[in-house]
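Dear colleague,

I am handing over the structure we spoke about, and it is placed just below so that you can follow the notes with the coordinates open.

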Amino acid sequence: QVQLVESGGGLVQPWGSLRLSCAASGVSLDYYAIGWFRQAPGKEREGFSCISSSDGSAYSSHSVKGRFTISRDNAKNTVYLQMKSLKPEDTAVYYCAAEGVDPSLFRLCVLLPYEYDYWGQGTQVTVSS
């Protein structure tokens, strides 16, 4: 049984930092690209950062570029999202998702939700003073 479990969310003040983790069980993340998505109340789910299954190449959207950093530790079967300079508009439920991609293809990750095979349950991030 494949499970993705996010952790590390919580309440943080504006300009603060948090590190989210996405731990996988039942599957080796060596063969999966990982994406981070978020959904704020009343808004659509937004994909904003992903990392490939092969060479660790990553992509971040304009809304988080320079503030959020995605990384992976395949030995720990975990992907991380380091978030800094958090803003109130970053408040949302954050989800990680895994897309099966053969690492030998060296395919860049994508942020299309329908491409992803497995999803975590989400972790709440609230940025407020």
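What follows is a summary of what was found, beginning with the cores and ending with two single residues.

Please keep in mind throughout that this is a predicted model.

The largest nonpolar core has 27 residues, and those with the most contacts inside it are Ile34, Trp36, Phe68, Val79, Leu81, Met83 and Tyr94. At least two residues of this core come from each of the strands S3 (18-25), S4 (32-39), S5 (46-51), S7 (68-73), S8 (78-83), S9 (92-100) and S11 (123-127). There is also a second, separate core of 8 residues, which includes Ala33, Phe37, Ala97 and Cys109.

Turning to the sheet, four strands form an open arrangement in the order S1-S3-S8-S7, and their pairing is antiparallel. Strand S1 (3-7) and strand S7 each have a single partner strand, because they stand at the edges, and one side of each is therefore left without a neighbour in the sheet. On average, and with direction ignored, neighbouring strands of this sheet are turned by 15 degrees against each other. The antiparallel pairing of S1 with S3 runs over 5 bridges, and within these strands Ser7 stands opposite Ser21 in S3. As background, the strands of a sheet pair through backbone hydrogen bonds, in either a parallel or an antiparallel sense.

The first residue I would like to point out is Cys50, which is found in strand S5. Is Cys50 buried or exposed? With a relative accessible area of 0%, Cys50 counts as buried, because the cut-off for that term is under 20%. Leaving aside its neighbours within four places in sequence, Cys50 is in contact with Ile34, Gly35, Ser57, Ala58, Tyr59, Ile70, Cys109, Val110, Leu111 and Tyr116. Of these, Ile34 is listed among the residues with the most contacts inside the largest core, whereas Cys109 is included in the second core. The C-alpha atoms of Cys50 and Arg19, which lie 31 residues apart along the chain, are separated by 15 Å.

The other residue is Thr78, whose place is in strand S8. Thr78 is buried as well, with a relative accessible area of 9%, and its side chain reaches the backbone oxygen of Lys76 at 2.8 Å. When neighbours within four places in sequence are left aside, Thr78 is in contact with Ser21, Cys22, Ala23, Leu29, Arg72 and Asp73; among them is Ser21, the residue of S3 that Ser7 stands opposite.

With best regards

How values were computed: Residues numbered from 1 in each chain as written. Predicted model: local features only at pLDDT ≥ 70, side-chain atom pairs only at ≥ 80, totals over all residues. Heavy atoms only, no water. Core = buried A, V, L, I, M, F, W, Y, C linked by side-chain atoms within 4.5 Å. Buried < 20%, exposed > 50% of the residue type's maximum accessible area, 1.4 Å probe, protein only. Pairing = 2+ DSSP bridges. Axes fitted to C-alpha atoms, helices over the stretch in contact; angles between N-to-C directions. Contact = heavy atoms within 4.5 Å. Polar contact = N/O pair within 3.5 Å; in protein donor to acceptor, adjacent residues only side chain to side chain.
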